[in-house]
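User: Please take a close look at the aromatic side chains of this model and at the core around them. I would like the cut-offs stated along the way.

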Amino acid sequence: GQVGRGGDSTTFFVLGKQPVGQFPPAWDVGLTGMCVGEQRTLVVPPELGYGSKGIPKRGIPPDATLKYEVKLVTRNGDGLPR
C-alpha cells in the first residue's frame, strides 16, 4: 500500500468530508460506526467506487471492484477532556 503520514500504511481522513476522489463514497457507509481497534473488509463494487471512469493516474481501472482491509487505530478527539 501507499505510505501514510504515520510512515506506514496509515491513512488519515474525515468520514463524510474527504475530498472528492480521495476515497470511494462507499467508505462513508462502510466505516460508519467503527470502534477503535475494529477491523473490517470493504468490498466496493464499481458503482460505489470510481465507476466507469476509474482513476487511471492512481492505477484504478474503469469498472474496478475494490477491496480494502481497514483497521481503525484512533479517532480524533478520543482521550481529550470533555
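Analyst: What follows starts with the chain as a whole and then turns to the aromatic residues, the core and some surrounding contacts.

This is a predicted model, in which local features need pLDDT of at least 70 and side-chain atom pairs count only at pLDDT 80 or more, while totals for chains, interfaces and linings use all residues. Residues are numbered from 1 along each chain as its sequence is written, and side-chain values use heavy atoms, with hydrogens and water left out.

The chain has an average pLDDT (the predictor's confidence in each residue, from 0 to 100) of 81, and 79% of the residues score at least 70. Its 1 helix and 2 strands follow the order α-β-β from the N terminus, where helices (H or I, at least four residues) and strands (E, at least two) are DSSP runs numbered from the N terminus. Mean confidence is lowest in helix α1 (residues 26-30), at 88, and highest in β1, at 94.

Turning to the aromatic residues, the count comes to 2 aromatic pairs, a pair being two rings of Phe, Tyr or Trp (its six-membered ring) whose centres lie within 6.5 Å, with planes under 30 degrees apart counted as stacked, over 60 as edge-to-face and the rest as tilted. The rings of F23 and W27 have centres 4.3 Å apart and planes at 20°, so this pair is stacked. The rings of W27 and Y68, by contrast, have centres 5.1 Å apart and planes at 90°, so this pair is edge-to-face. The W27 and Y68 pair links distant parts of the chain, since W27 lies in helix α1 and Y68 in strand β2, 41 residues apart. Together F23, W27 and Y68 form one aromatic cluster. Both F23 and W27 are buried, which for W27 means a relative accessible area of 7%; buried stands for under 20% relative accessible area, exposed for over 50%, and partly exposed for values in between (1.4 Å probe, protein chains only).

The largest nonpolar core (a set of buried Ala, Val, Leu, Ile, Met, Phe, Trp, Tyr and Cys residues joined through side-chain atoms within 4.5 Å) has 15 residues, of which L42, L66 and Y68 touch the most other members. Helix α1 and strands β1 and β2 each supply at least two residues of this core, and β2 gives the most, with 3 residues. Leaving aside neighbours within four places in sequence, L66 is in contact (heavy atoms within 4.5 Å) with P24, L42, V43, V44, Y50 and I60.

A64 is found in the loop between β1 (39-44) and β2 (66-71), and at 13% relative accessibility A64 counts as buried. With the same neighbours left aside, A64 is in contact with V44, P45 and P46, while A64 and G51, 13 residues apart in sequence, are 7.3 Å apart in space, C-alpha to C-alpha.

As for charged side chains, the count comes to 2 salt bridges, each defined by a side-chain nitrogen of Lys or Arg within 4 Å of a carboxyl oxygen of Asp or Glu. E38 and R40 form one of them, at 2.8 Å from N to O, and E38 is partly exposed at 26% relative accessibility, as is R40 at 23%. K67 and E69 also meet in a salt bridge, at 3.8 Å from N to O, and both K67 and E69 are exposed.
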